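Open the model in your viewer and keep the selection panel at hand. The stops below go through helix pairs and then a pocket.

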Amino acid sequence: MPDIENRTDLELLMVNFYGKVLLDQVIGHFFTEVVKLDMDKHIPVIVNFWESVLLEKSSYQGNVLDVHERLHHLSAFRDEHFERWVTVFKETVDELFAGINAEKLKQRATSIATVMKIKLVYGGIGLQKG
Ligand code: HEM
C-alpha cells in the first residue's frame with residue numbers, strides 16, 4: 001500500500017473517513033444534527049488541517065480546540081465519542097495507506113484527540129486559571 005505523500009492523498013483519506021463517521025451510530029449525529037456540516041466546505045478545511053500537521057504546510061489558520069469547545073457546549077462530548085473517532089480514523093488510514101506518514105498521522109490524531117478529551121471531558125489538567 002502507498003504512504004500518504006500529498007494533499008490528494010489526504011483528500012482521499014478524508015472523503016473515506018467522513019463517509020464512515022457521518023453514518024456512525026456513536027458520533028454521526030455531531031456532523032449531521034448538532035452541526036449540519038456542508039461537506040464541500042468542510043473537507044478542504046480538514047485537509048488544510050492535516051496538511052499543516054503532517055506535511056509542514058501552513059494552510060490551516062483556525063483553532064481546532066476552540067471549534068470543539070464550541071461544539072462541546074452545543075452537545076457534550078464524552079469519552080466514548082473520542083474513542084470512536086480515533087478508532088474510525090485509524091481504521092480508515094489502515095485501509096488506504098501504510099508507511100511512516102500513515103503512522104505519524106495516526107499518532108498525531110490520537111494525541112490531539114487525547115488533548116481535546118482531557119480539556120473538554122475532564123475539564124483540563126488543573127493548570128489553567130479558573
Ligand atoms: C468526538 C470526536 C469528534 C467529533 C464528534 C468532531 C466533530 C466535528 C464537527 C461537527 C466539526 C464541525 C464544526 C463546525 O464547523 O461548526 C468539526 C470540525 C473539525 N474537527 Fe472535529 N470532531 C472530533 C474530533 C476531532 C479531532 C480529534 C480532530 C483532530 C485531530 C478534529 C479535527 C477537526 C478540524 C480540523 C475541524 C475544522 C475546524 C475549523 O473549522 O477550523 N476533530 N469536528
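How are α4 and α6 oriented to each other? This is a predicted model. Select α4 and α6 and look along their axes, which lie 11 Å apart and pack at an angle of about 45°. An angle of about 45° is neither under 35 degrees nor in the range 65 to 115, so α4 and α6 are oblique to each other. Their crossing is right-handed.

Next, show side chains at this contact. On the α4 side, pick Val64, Leu65, His68, Glu69 and His72. On the α6 side, pick Val115, Met116, Lys119 and Leu120. Coloured by class, the contact of α4 with α6 shows five nonpolar, two polar and two charged residues.

Keep α6 displayed and add α5. The axes of α5 and α6 come within 10 Å and cross at roughly 170°. The angle is over 145, and that makes α5 roughly antiparallel to α6. From α5, select Asp79, Phe82, Glu83, Trp85, Val86, Phe89, Lys90, Val93 and Asp94. Facing them in α6 are Ala102, Leu105, Lys106, Ala109, Thr110, Ala113, Met116, Lys117 and Leu120. The contact of α5 with α6 divides into 11 nonpolar, one polar and six charged residues. Met116 and Leu120 of α6 also belong to the contact with α4.

Now hide α6, keep α5 and bring in α1. The axes of α1 and α5 come within 10 Å and cross at roughly 135°. α1 and α5 are therefore oblique to each other, and their crossing is right-handed. To see the contact, select Leu12, Leu13, Met14, Asn16, Phe17, Lys20 and Val21 in α1. Then add Trp85, Val88, Phe89, Glu91, Thr92, Val93, Glu95 and Leu96 of α5. By class, the contact of α1 with α5 has 10 nonpolar, two polar and three charged residues. Trp85, Phe89 and Val93 of α5 also take part in the contact with α6.

The last stop is the largest pocket, with a volume of about 650 Å³. Centre the view on Tyr18, Phe31, His42, Ile46 and His68, which of the 27 lining residues are the closest to the pocket's centre. His68 was also selected earlier, in the contact of α4 with α6.

Colour the helices that give two or more residues to the lining: α1 (7-21), α2 (28-34), α3 (39-54), α4 (64-74), α5 (79-96) and α6 (100-120). Which element gives the largest share of the lining? That is α3, with six residues. A final colouring by class shows 22 nonpolar, three polar and two charged residues in the lining of this pocket.

Methods. Residues are numbered from 1 along each chain as its sequence is written. This is a predicted model: local features need pLDDT of at least 70, side-chain atom pairs count only at pLDDT 80 or more; totals for chains, interfaces and linings use all residues. Side-chain values use heavy atoms; hydrogens and water are left out. On a 1 Å grid over the protein atoms alone, a cavity is a set of points where a 1.4 Å probe fits but cannot get out, and a pocket is an open set with protein on both sides within 12 Å along at least five of seven lines; lining residues have an atom within 4 Å of a point. Grid points are joined across faces, edges and corners, and a volume is the space filled by probe spheres set on the points. Helices (H or I, at least four residues) and strands (E, at least two) are DSSP runs, numbered from the N terminus. Ala, Val, Leu, Ile, Met, Phe, Trp, Tyr, Cys and Pro count as nonpolar, Asp, Glu, Lys and Arg as charged, and the others, Gly among them, as polar. Axes are lines fitted to C-alpha atoms, for helices over the stretch in contact, and angles run from 0 to 180 degrees between N-to-C directions. A crossing is left-handed if the near helix is turned anticlockwise from the far one by less than a right angle, and right-handed if clockwise. Contact means heavy atoms within 4.5 Å.
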